[in-house]
Amino acid sequence: MRRTSFGQMHCSIAQTLDVVGEWWSPLILRDIYMGLHRFDDIAQNLEISRNLLTRRLTDLVANGILDRRKYQDRPARYDYHLTESGRELVPALLLLMAWGDRRATPPGGPPVRLIHRDCGEQFTPMASCSHCGGSVGADDITLLPGPGAAEGPGTRLLHRRAAPPPL
């Protein structure tokens, strides 16, 4: 089954989902971040079909999210590692996990504890302002049209806000 592409939508969220939004992709990225790098280990941990995992890994490599490295010649075998681009997705995955820990907690409680290496303390991921460092929630933001607010799917509202009022 082919999913809908968001490639034509003028929205950073839609563009991101076009690359990593297939249901299995965030879970594959989570597993690789947690240290599972070999195909069989990822397949076993996720209980995902080999064909589906192959397709997802191929897409993630093609989009520059993962790097495929040969670790054995006969037979040829590869492992997978996050690229710089893939590592930049980790905070977004952690924010999804934090939401899930609060709103969709698995039986028995959150399965992972996060320890900040700098201070050694357990923490909950949160969004913060890159300018002042303050926490950022839905009520702490003013949305203004950006340079990519084109008249098209995903940004029509922002485009209208950016357009000068009619005379």
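**Figure 1. The buried residues of helix H3 are Phe 39, Ile 42, Ala 43 and Leu 46.** Viewed down the axis of H3, these residues fall within an arc of 100 degrees, so they line one face of the helix. A general rule helps here: an α-helix has 3.6 residues a turn, so residues three or four places apart point the same way. Which elements cover the buried residues of H3? The cover includes H2, H4 and E2. Just past the helix, H3 is followed by Glu 47, which has a positive phi, near 55 degrees. Like every view in this set, this one shows a predicted model.

**Figure 2. Helix H4 has Leu 52, Leu 53, Arg 56, Leu 57 and Leu 60 as its buried residues.** They cover an arc of only 130 degrees around the axis, which puts them on the same side of H4. Exposed residues Asn 51 and Ala 62 sit on the face of H4 turned away from that buried side. The buried residues of H4 are covered by elements including helix H1 (12-20), H2, H3, E1 and E2. If you like to check helix geometry, H4 has 13 residues, and at 1.5 Å a residue they should span 18 Å; the end C-alpha atoms are 18 Å apart, which agrees. After H4 comes Gly 64, where phi is positive, near 75 degrees.

**Figure 3. The largest nonpolar core of the model holds 22 residues.** Which of them touch the most other members? They are Ile 28, Leu 29, Ile 32, Leu 53, Leu 57, Leu 60 and Leu 66. Two or more residues of this core come from each of helix H2 (24-33), helix H3 (39-46), helix H4 (50-62), strand E2 (77-82) and helix H6 (90-103). In soluble globular proteins, nonpolar side chains tend to be buried together. For a closer look, pick Ile 28: beyond its neighbours within four places in sequence, Ile 28 is in contact with Leu 46, Leu 53, Arg 56, Leu 57 and Leu 60.

**Figure 4. Two polar residues of helix H2, Ser 25 and Asp 31, are shown with their surroundings.** Are these residues buried or exposed? Ser 25 counts as buried because its relative accessibility is 2%, below the 20% cut-off. Asp 31 is buried too, with a relative accessible area of 2%. Setting aside residues within four places in sequence, Ser 25 is in contact with Val 20, Arg 56 and Leu 60. With residues up to four places away likewise left out, Asp 31 touches Leu 36, Ile 42, Asn 45 and Leu 46. The side chain of Asp 31 also has a polar contact of 2.8 Å with the side chain of Arg 30.

**Figure 5. Strand E1 (residues 66-72) and E2 run antiparallel and are joined by 6 bridges.** How many residues make up the hairpin connection from E1 to E2? The hairpin joins them through 4 residues. To find your way along the pair, start at Asp 67, whose bridge partner in E2 is His 81. As a general point, in a regular strand the side chains alternate between the two faces of the sheet.

**Figure 6. Arg 69 lies in strand E1.** Arg 69 counts as partly exposed because its relative accessibility is 39%, which falls between the cut-offs of 20% and 50%. A polar contact of 3.0 Å links the side chain of Arg 69 to the side chain of Asp 67. Apart from residues up to four places away in sequence, Arg 69 touches Arg 77, Tyr 78, Asp 79 and His 81. Further along the chain, Gly 152 is 83 residues from Arg 69, and the C-alpha atoms of the two are separated by 39 Å.

**Figure 7. Thr 155 is placed in the loop between H6 and helix H7 (156-162).** Thr 155 is buried, with a relative accessible area of 6%. What does Thr 155 touch, not counting residues up to four places away in sequence? Its contacts are His 10, Cys 11, Gly 148, Ala 149 and Ala 150. For scale, Thr 155 and Arg 56 are 28 Å apart in space, C-alpha to C-alpha, and 99 residues apart in sequence.

Conventions: Residues are numbered from 1 along each chain as its sequence is written. This is a predicted model: local features need pLDDT of at least 70, side-chain atom pairs count only at pLDDT 80 or more; totals for chains, interfaces and linings use all residues. Side-chain values use heavy atoms; hydrogens and water are left out. A nonpolar core is a set of buried Ala, Val, Leu, Ile, Met, Phe, Trp, Tyr and Cys residues joined through side-chain atoms within 4.5 Å. Buried means under 20% relative accessible area, exposed over 50%, partly exposed in between (1.4 Å probe, protein chains only). Contact means heavy atoms within 4.5 Å. A polar contact is a pair of N or O atoms within 3.5 Å; within protein, one must be able to donate a hydrogen and the other to accept it, and residues adjacent in sequence count only if both atoms are side-chain atoms. Two strands pair if DSSP finds at least two bridges between them. The expected span of a helix is 1.5 Å times one less than its number of residues. The arc is that of the directions from the helix axis to the C-beta atoms.
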